[in-house]
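Subject: Structure handover and findings

Hi,

Here is the structure for you to load. My notes on what turned up follow below it.

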Amino acid sequence: MMEMIFTPNEVAALLKLPPKRVYKELEYQIIPSISYAPRLTFPALIYLFLLREINFEFSIQFRVSLYQRLVKAWEEKATFFEVAKFLVLQLDKVNQELSGLIQQFNDWKSKLVTDVNILGGETIFPQSRLSVRRIGNLLNRGETPENILEDYPFLSEEDLKFAQLFVNAYPLQGRPKKDEVFN
């Protein structure tokens, strides 16, 4: 079973949720953060996956209870979790799906290149000068994968999928760089 820690942005990107949804669960203390900086456990990822899949708004009290029961089932290594009388979550299958996605993403990230001498240290695709952030942002703005692959035929479908996840999981921090004007 997974023993990983995630930032709220990583969880939101992995599950294709708005970050606000993840932070809302933290703010209402439904999901406890495991450190002073918001960090989430794998059961929190499963809980948010469940909420996304059900796509129904529950009361805060019910969500607190749901999360606590899910964590208990996880700790007991249960293979399924009863959400409600006729609604069961197959924990083993969700674990397998999410673990596989995380492993694929981590394997993909391990191939990326970060070199201060190339694009000022921006993360790039291997054997190129193409920024991962550029491709992820193009996709976020609605560019089609077909157009991107036409312009950059050395990229794979996996590169596109994970480039978008990458920019959503690791947003730029701070103010954007200003263009310098030379006299």
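Contact here means heavy atoms within 4.5 Å. Keep that cut-off in mind for the packing of the first helix. Note too that this is a predicted model.

**Helix α1**

Start with α1 (8-15). 8 of the 8 residues of α1 are buried, so the helix is largely enclosed by the rest of the structure. The buried residues are P8, N9, E10, V11, A12, A13, L14 and L15. They pack against two strands, β1 (5-6) and β2. They also pack against the helices α2, α3, α5 and α8.

What happens just after α1? K16 takes a positive phi there, about 55°. K16 is not a glycine. It is found in the loop between α1 and α2 (19-27). With a relative accessible area of 74%, K16 is exposed. The cut-off for exposed is over 50%, so K16 qualifies.

Q29 also has a positive phi, about 60°, and is not a glycine either. It sits in the loop between α2 and β2 (40-41). Q29 counts as exposed, at 65% relative accessibility.

**The largest pocket**

The largest pocket holds about 340 Å³ of space. It is lined by 17 residues. Closest to its centre are A13, L14, L15, K16 and L165. Which elements give two or more residues to the lining? They are α1, α3 (42-54), α5 (91-110) and α8 (157-169). The largest share comes from α1, with 5 residues.

By class, the lining has 10 nonpolar residues. Another 3 are polar and 4 are charged.

Two of the residues closest to the pocket centre, A13 and K16, have already come up above. A13 is buried in α1. K16 is exposed and follows the helix.

**Aromatic pairs and a cluster**

The count comes to 12 aromatic pairs. Two of them are described here.

F105 and F162 form a tilted pair. Their centres are 5.5 Å apart, with 50° between the planes. F105 is in helix α5 and F162 in helix α8. The pair links distant parts of the chain, 57 residues apart. Both F105 and F162 are buried.

W108 and F166 form an edge-to-face pair. The distance is 6.4 Å centre to centre, and the planes are 70° apart. Why does this pair tie together parts that are 58 residues apart in sequence? Because W108 lies in helix α5 and F166 in helix α8. W108 is buried, and F166 is buried too.

These four residues belong to one aromatic cluster. It is formed by F105, W108, F125, F162, F166 and Y170.

**S128 and F125**

F125 of the cluster also takes part in a polar contact. The backbone oxygen of F125 lies 2.8 Å from a polar atom of the S128 side chain. S128 lies in the loop between α5 and α6 (132-140). Is S128 buried or exposed? It is buried, because its relative accessible area is 16%, and buried means under 20%.

**Where to look**

For a tour of the model, begin at α1, where 8 of the 8 residues are buried. Go on to the largest pocket, with about 340 Å³ of space. Then view the aromatic cluster, which includes F105 and F162. Finish at S128, in the loop between α5 and α6.

Best wishes

Note on methods
Residues are numbered from 1 along each chain as its sequence is written. This is a predicted model: local features need pLDDT of at least 70, side-chain atom pairs count only at pLDDT 80 or more; totals for chains, interfaces and linings use all residues. Side-chain values use heavy atoms; hydrogens and water are left out. On a 1 Å grid over the protein atoms alone, a cavity is a set of points where a 1.4 Å probe fits but cannot get out, and a pocket is an open set with protein on both sides within 12 Å along at least five of seven lines; lining residues have an atom within 4 Å of a point. Grid points are joined across faces, edges and corners, and a volume is the space filled by probe spheres set on the points. Helices (H or I, at least four residues) and strands (E, at least two) are DSSP runs, numbered from the N terminus. Ala, Val, Leu, Ile, Met, Phe, Trp, Tyr, Cys and Pro count as nonpolar, Asp, Glu, Lys and Arg as charged, and the others, Gly among them, as polar. Buried means under 20% relative accessible area, exposed over 50%, partly exposed in between (1.4 Å probe, protein chains only). A polar contact is a pair of N or O atoms within 3.5 Å; within protein, one must be able to donate a hydrogen and the other to accept it, and residues adjacent in sequence count only if both atoms are side-chain atoms. Rings of Phe, Tyr and Trp (its six-membered ring) pair if their centres lie within 6.5 Å; planes under 30 degrees apart count as stacked, over 60 as edge-to-face and the rest as tilted.
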